[in-house]
Amino acid sequence: MLALPRAWKGTITQYAARLHRPATGKHDARIYDYVDTRVAVLDRMYHKRERTYRSLGYRIESDKHTTLPPALPLPGYDATLMNSTRQA
C-alpha cells in the first residue's frame, strides 16, 4: 500500500519497482492507491500517479471513488487549503 501524497513519476516508479522484488511466497504485486478527492491538490496528485501507473503497464482495476461527506476543517486549520488551486 502506498499511502503517501506523492506524484513525481520517478518516485512512483521506484516504489513500484521495489514492490516487484522477488520474495518467498510472493506471486504478484498490487498497488492500492487511496486518495481524498475532497482535497483538490490530493486529487490532482492522484491523477498524475494514475498516468504513471498506466505508463508502467499497470492495469487500473477500479477507478470507482467512494463518495465521502464534505470535508470539515480541523480547528485552527485554514479551510482555504481544502479547495486550493495552483496560481499561474
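Visitor: So, buried means under 20% relative accessible area, exposed means over 50%, and partly exposed lies in between. Where does that put R30: buried, partly exposed or exposed?

Guide: R30 has a relative accessible area of 48%, so it counts as partly exposed. Keep in mind that this is a predicted model.

Visitor: Got it. What does R30 form a salt bridge with?

Guide: With D28; the closest N and O atoms of the two are 3.5 Å apart. D28 is partly exposed as well, because its relative accessible area is 46%.

Visitor: How many salt bridges does a search of the whole structure find?

Guide: Four turn up. Besides the one between D28 and R30, they include a bridge between the side chains of R54 and E50, at 3.5 Å from N to O. Another joins E61 to R59, with the closest N and O atoms 3.0 Å apart.

Visitor: Where do R54 and E50 lie?

Guide: Both are in helix α2, four residues apart, which is about one turn of the helix. An α-helix has 3.6 residues a turn, so residues three or four places apart point the same way.

Visitor: And is E50 buried or exposed?

Guide: Buried: E50 has a relative accessible area of 13%, and the cut-off is under 20%. R54, on the other hand, comes out at 46% and is partly exposed.

Visitor: What about E61 and R59, buried or exposed?

Guide: Both E61 and R59 are exposed.

Visitor: Let's zoom out. What does the secondary structure come to?

Guide: Two helices and zero strands. Of the protein's 88 residues, 19% count as buried. The accessible surface is about 7200 Å², and carbon and sulfur atoms hold 55% of it.

Visitor: How much of the contacts comes from residues 24 or more positions apart?

Guide: Taking contacts with a separation of 6 or more, such residues account for 58%.

Visitor: Now helix α1. Which residues are buried there?

Guide: Helix α1 covers residues 9–19, and T11, I12, Y15 and A16 are buried in it. Looking down the axis of α1, those buried residues fall within an arc of 130°, so they line one face of the helix.

Visitor: What do the buried residues of α1 pack against?

Guide: They pack against α2, residues 40–55.

Visitor: R18 is in α1 too. Does R18 count as buried, partly exposed or exposed?

Guide: Partly exposed, because R18 has 40% relative accessibility. As for its place in the fold, the C-alpha atoms of R18 and A29 are 9.7 Å apart, while the two residues are eleven apart along the chain.

Visitor: Which residues make up the largest nonpolar core?

Guide: Five residues do: I12, A16, I31, Y53 and Y58. I12 and A16 are among the buried residues of α1. Y53 counts as buried because its relative accessibility is 5%.

Visitor: Nice. What is Y58 in contact with, leaving aside neighbours within four places in sequence?

Guide: A16, H20, I31 and Y53. A16, I31 and Y53 are also members of that core.

Visitor: Two tyrosines, then. How many aromatic pairs are there by the rule?

Guide: The count comes to one. The ring centres of Y53 and Y58 are 6.1 Å apart and their planes stand at 70°, so the pair is edge-to-face. The cut-offs at work are centres within 6.5 Å and, for edge-to-face, planes over 60 degrees apart.

Visitor: Last one: where does D36 lie?

Guide: In the loop between α1 and α2. D36 has 22% relative accessibility, so it counts as partly exposed. Its C-alpha atom is separated from that of Y46 by 8.9 Å, with the two residues ten apart along the chain.

Notes:
Residues numbered from 1 in each chain as written. Predicted model: local features only at pLDDT ≥ 70, side-chain atom pairs only at ≥ 80, totals over all residues. Heavy atoms only, no water. Buried < 20%, exposed > 50% of the residue type's maximum accessible area, 1.4 Å probe, protein only. Contact = heavy atoms within 4.5 Å. Areas by Shrake-Rupley, 256 points an atom, 1.4 Å probe, with all protein chains shown as cover. Core = buried A, V, L, I, M, F, W, Y, C linked by side-chain atoms within 4.5 Å. Phe/Tyr/Trp six-rings, centres within 6.5 Å; stacked < 30°, edge-to-face > 60°. Arc of directions from axis to C-beta.
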